[in-house]
Protein chains: 2
Amino acid sequence: MDLRRRGTNLPKMGDFNQSVILEAIRRSREGLSRTELVEATGLSAQTITNITRRLLSEGLIEEAGRMIQGPGKPRTTLRLNAASRLSIGVHLDPAMMTFVLLDLTGAVLERSTTRMPADDARRIIAAMAESVEDLIERSQLDRAAITGIGVATPGPLDAARGTVIDPPKLHSWHRVPLRDALQEATGLSVTLEKDTTSAAVAELWTGDHPPDGSFLFVYLGIGIGTALVLDGAVVRGASHNAGEVGHIIVDPEGPECTCGQRGCVEVVCTPQAIVERAEHAGVLADDRVGSDAESVDARFTELCDRAAGGDRDASAVLETAVHHLAVLISALTNMLDIDRVVLGGPFWSRLSAISLSRLPTLLDRSSATRAVRDLPVRGTVIGDDVAAVGAGCVVLDEVLTPRAAALFLDS
Amino acid sequence: MDLRRRGTNLPKMGDFNQSVILEAIRRSREGLSRTELVEATGLSAQTITNITRRLLSEGLIEEAGRMIQGPGKPRTTLRLNAASRLSIGVHLDPAMMTFVLLDLTGAVLERSTTRMPADDARRIIAAMAESVEDLIERSQLDRAAITGIGVATPGPLDAARGTVIDPPKLHSWHRVPLRDALQEATGLSVTLEKDTTSAAVAELWTGDHPPDGSFLFVYLGIGIGTALVLDGAVVRGASHNAGEVGHIIVDPEGPECTCGQRGCVEVVCTPQAIVERAEHAGVLADDRVGSDAESVDARFTELCDRAAGGDRDASAVLETAVHHLAVLISALTNMLDIDRVVLGGPFWSRLSAISLSRLPTLLDRSSATRAVRDLPVRGTVIGDDVAAVGAGCVVLDEVLTPRAAALFLDS
C-alpha cells in the first residue's frame, strides 16, 4: 500500500486542460470562439490555440462558421463534431431493456426497448446484442465511430469480473460474465455501471450543475437506490457499488424485512411495497396474481392515476410513501450536507407531482442545517430513460469529461 | 452560477507539487533524500531540486545529515523543520475544553484541559484565550511561529459567521461570534471546524491511509457524529456540516425522539441514551441527579468498567448499543461503499474492546458488497484528544497537504 500522493506534470496538465476545453465546448451547445474559451477556462490564448488545433486534427471538434461581434476580426466558432464519436447505452431492468444510441454531445439519436426474455442468460445476452445491432443499423451511422457500450444494471455488481452479483428476478445471473459475453457478441468494448450511478452521470451531463457542485440522486426503480455527486464527479465507491440504501430504516412501524430489521426502504418505499400497502388498505383490490415487475408496474400506475384523479385514499398511500422517502433522503442529506437533491428513474415521473409538492417541506423540517441553508429538490431533466442515457454517457465520459484524478502521475 | 470547470496552469501545478513534496517528507518521519523524493512523487529530479531549494529558503524543511547507501555520492536527507510552523488545536466539548500545541509534523508539544465555565459566552472565550496563552508560554516557543488556532466544536456550525448554531448545554451560544471573539482575544487567526471533521483530519494526518483512500470516521462523543474521507480528502459538505447522523433510525423499538421519530441514533446510541437504558434495565441504580455531561460521563465509565469486570448485564447493555451502532454504520457504508471504518472520539476508548470484537461480524452480515469485498474496522490511532489534535492539523493542513482543488485556475 503506497501512502504517498503522486505529483503532476506538463503532459498530465495538457490532457486535463484538453478535456476542460472539450467540456466547455460541449456545454455551450452553440459553440464557443477561442476568445470565449480563454474566458471560460482561465487558460491562456496560446494554450487554447494549441489544444484546439489538436482537437480539430483529431476530428473531435469542428469550425462552425464565423461570428461578427463589434469591431475587429470575426471569430470562428468551435463546436463538437457530434458524429465523430458515438456510444450505446443499455439499461438492464427486470421488466424492460432500453437501448439508446448517443452522439458525442450526449444527444439520443436512436432508441428502442424490448422485453427481457425469460430467465436465461444466453438468450438475454443474444437479445441485447441483437438490439444493439438493430440500433446501429437503423441509425445508418459509421459503426467505427462507436466508442463502446455502457450497460446500466441493478447493483451490487462485481466490477472486476464484469457481472451483476444478484440481480432481482434473474437468479442465474451471478455466474454470468455479462461484460465479457456482450463484448464478444458485439465486438464492442463494454462497461458495466450501476443503474443509479448511470442516472447520476446522465444528470451531470445534461443538467445545469456547477462543475464543483454536489447532489444526491435518488433513483426510483423496481428498487430504490441513490448516487452521490461531489465536486462535480460521481462517487462510485470502493467496489463501484455506492448507493445501496435498501436497508436504511424509514418506518419503525413498517413491515419486517428479509434482513431481520423492520421498516427498511426495501419493504416500505419500493413500488412493490407501495402497491402492497395500497392492497392491504383496500385502496387497490387484493387480487393481484404475481409480484413480478410487470404487474407491480401496472398496479403502481393505477394507484398514481387514481391519486391524480382525486381519489383521496390513493393519495394518502402515496403521501405516506413520500413521507418515508423523505426520512431516507434526510438521513443522507444531513450526513452528506450536499447542495441539492435530484430524483429520477423509471418510476419517478408517476410520483413527481406529489413528491415535488411535499418533499421540500418535509426535508426542510428535518434538515440539520436549516438555520444556514436551504436544500433545493427537483426532478431529473431526463425522462424515464435516464439510466440508459447515463450508461451511454459513461462511455463518452472517457473521451470528454475533465477529472482531477487524471492530473496525478501514475505510480 | 458558472457551470464551467476551470483549467490548470504551471504556477498552480508548482504549488500542488510543492505540497506533494512536503507531504511525502512529513510522512517519511525519518526524512527523504532528493532521489527518494523522485521515486515517491513521480516528479523529475529537476522539479524536486527546484522546489526543495525554495522550501529550504522558506525554512519549512531542513537538511538533516547525509546517508551513505552503496557506492556514489552520499545523499542529503531532507526533513520537516518541525519548529518552523506551529498550530494550536482546541476542542470545545460540553464537559471539557482540551488544548494542544502542535509542531509542523503534527506532534503534540503541549497539552492542557480545563472545565467549561458556566454558560456564559464571555467567560468561556476569556478562559479559552487564557489557556491558549498558558500553552504558548509553557512551550517557550516563538509565538510568531504559530500559524493559527483551530477550534473543534459540535455541529451544526455557521461557517460564514464563525459560530456554533446550537451547541448542546450552551444555549446562548448561537448568538456568539466564537471565531471573531477568540481571534480578537488572542490576536491569532482562528478556524472553526466540526469536531467530527477535525477528528477525521487527525486520523488522515496520523494514520496509514493511502492518499486516494476512503474511510468513514465514526465519532463517539456526547453526541454521535460521522465524517467522510474520500480520495484522501475530508468531505466537509456544502455548509461545512457533513456528518449529522443523530436522526437516522437504528432501533424501531427504541424510545421516541424529539424529532418525532422513534429509535434515532440520538436516543439510542449516545452515552446518555446508553446510560438511561442501563438505568431502566436496573443495571445502574436509577438515582442519577442530573443528565449533565459530567454525570453521564461518570455513569458511562461505571457501566464500561463493570462490563470489563465480567458483569453480564452491563455487557448486554453495551452489546445492544454496539448492535445499534452497527445499524447506523451499515446504512452509511452501504450507501458510500467506502474502504474502511475508523472509530474514535472521547467515548471511544471505553467502548473499543467490545466494539472491535462485535462490529466486524455485524457489519459483514449486513454488507451489500460482502460478495466482492470486506470492510476493515479499526479504532483511531490517536487517543481521546483526537478532535483537538485534528483542529490543530486543520491549521497545518493549509501549509502542507496537497489538495487537487488547488490545481484549478481561479474564476
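**Two copies, one shared surface**

Of the interface residues of chain A, 100% are also interface residues in chain B, so the copies meet through the same surface. This is a predicted model. The points below cover the symmetry, then one strand of chain B and one helix of chain A.

**Symmetry**
- A turn of 180° and a shift of 0.0 Å along the axis lay chain A on chain B, with an RMSD of 0.0 Å.
- The two copies are therefore related as by a two-fold rotation axis.
- A:P252 has the C-alpha nearest the axis in chain A, 2.1 Å from it.

**Strand β10 of chain B**
- Strand β10 of chain B covers residues 190-194.
- Five of its five residues are buried, so the strand is largely enclosed by the rest of the structure.
- In a regular strand the side chains alternate between the two faces of the sheet.
- B:V190, B:L192 and B:K194 point one way from β10(B). B:T191 and B:E193 point the other way.
- Strand β7 of chain B (residues 146-153) runs parallel to β10(B), and five bridges join them.
- Across from B:T191 in β10(B) stands B:G150.

**Helix α8 of chain A**
- Helix α8 of chain A spans residues 271-280.
- Eight of its 10 residues are buried, so this helix is largely enclosed by the rest of the structure.
- The buried residues are A:P271, A:Q272, A:A273, A:I274, A:V275, A:E276, A:R277 and A:A278.
- What do the buried residues of α8(A) pack against? They pack against α7 (265-268), α9 (293-308) and α10 (312-336) of chain A.
- A:G282, just after α8(A), takes a positive phi of about 80°.

How values were computed
Residues are numbered from 1 along each chain as its sequence is written. Chains are lettered from A and ligands numbered from 1 in the order in which they are written. This is a predicted model: local features need pLDDT of at least 70, side-chain atom pairs count only at pLDDT 80 or more; totals for chains, interfaces and linings use all residues. Copies are superposed by least squares on the C-alpha atoms of residues with pLDDT of at least 70 in both. Two residues are in contact if their C-beta atoms, placed from the backbone, lie within 7 Å. A residue is buried if 20 or more other C-beta atoms lie within 10 Å of its own, exposed if 12 or fewer, and partly exposed in between; C-beta atoms are placed from the backbone. Helices (H or I, at least four residues) and strands (E, at least two) are DSSP runs, numbered from the N terminus. Two strands pair if DSSP finds at least two bridges between them.
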